[in-house]
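Here is a set of short questions and answers for a newcomer. Keep the structure in view while reading.

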Amino acid sequence: MATWQKLISDFGGPKAFSLVIDVSQEAARQMSHRNSVHSIYWSIIVARAPRSGVDGITFEFLASLRRGRVDADVSVKSDPPVQLDCSA
């Protein structure tokens with residue numbers, strides 16, 4: 001069963017996820033711990049998932065995680081996640 005924790009893990013864990021959604025590593029760790037990601041980050045997640053090697057992330061999928069049930073299949077590509085340059 002898919003969970004927010006699994007999704008964050010698919011992005012490479014809290015550290016990598018924090019870079020994807022532009023939050024602190026601690027904030028991403030708390031999201032994983034709470035098994036919840038606020039909807040203000042959903043558009044970023046959907047837009048950046050393909051570049052991070054995570055397929056199948058849609059707004060519908062994220063909404064199903066929020067409801068506690070998953071109606072979509074998500075897969076992680078075999079390539080490692082893309083590292084974003086946040087120095088700019």
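Q: Which residues does Ile-44 touch, not counting residues up to four places away in sequence?
A: Contact means heavy atoms within 4.5 Å. Ile-44 lies in helix α4; helices (H or I, at least four residues) and strands (E, at least two) are DSSP runs, numbered from the N terminus. With residues up to four places away in sequence left out, Ile-44 touches Val-20 and Ile-21.

Q: What should a reader know about the model and its numbering?
A: This is a predicted model, where local features need pLDDT of at least 70 and side-chain atom pairs count only at pLDDT 80 or more, while totals for chains, interfaces and linings use all residues. Side-chain values use heavy atoms, with hydrogens and water left out, and residues along each chain, as its sequence is written, are numbered from 1.

Q: Is Ile-44 buried, exposed or partly exposed?
A: Buried means under 20% relative accessible area, exposed over 50%, and partly exposed in between (1.4 Å probe, protein chains only). Ile-44 has a relative accessible area of 23%. That makes Ile-44 partly exposed.

Q: What distance separates the C-alpha atoms of Ile-44 and Asp-22?
A: Along the chain, the two residues are 22 residues apart. In space, the C-alpha atoms of Ile-44 and Asp-22 are separated by 9.0 Å.

Q: Which residue forms a salt bridge with Asp-22?
A: A salt bridge is a side-chain nitrogen of Lys or Arg within 4 Å of a carboxyl oxygen of Asp or Glu. Here the closest N and O atoms are 3.0 Å apart. Asp-22 sits in the loop between α2 and α3 and its partner in helix α4, so the pair ties together parts that are 26 residues apart in sequence. The partner, partly exposed at 23% relative accessibility, is Arg-48.

Q: How many salt bridges does a search of the whole structure find?
A: One of them joins the side chains of Lys-6 and Asp-10 (2.7 Å, N to O). Another joins Arg-29 and Glu-26, with the closest N and O atoms 2.7 Å apart. A search of the whole structure finds 3.

Q: By how many helical turns are Lys-6 and Asp-10 separated?
A: Lys-6 is partly exposed, at 41% relative accessible area, whereas Asp-10 is buried at 13%. Both are in helix α1, 4 residues apart. The separation is about one helical turn.

Q: In which helix do Arg-29 and Glu-26 lie?
A: Arg-29 is partly exposed, with a relative accessible area of 38%. Glu-26 is partly exposed too, at 43%. They are 3 residues apart, about one turn of helix α3.

Q: Which helix supplies the largest share of the largest nonpolar core?
A: A nonpolar core is a set of buried Ala, Val, Leu, Ile, Met, Phe, Trp, Tyr and Cys residues joined through side-chain atoms within 4.5 Å. The largest one has 21 residues, and Leu-7, Phe-17, Ile-45 and Leu-62 have the most contacts inside it. Helices α1 (4-10), α2 (14-21), α3 (25-34), α4 (42-48) and α5 (59-67) each supply at least two residues of this core. The largest share, 4 residues, comes from α5.

Q: Which residues is Phe-17 in contact with, leaving aside neighbours within four places in sequence?
A: Phe-17 is buried, at 0% relative accessibility. Outside that stretch of neighbours, its contacts are Ile-8, Phe-11, Ala-28, Met-31, Val-37 and Ile-45.
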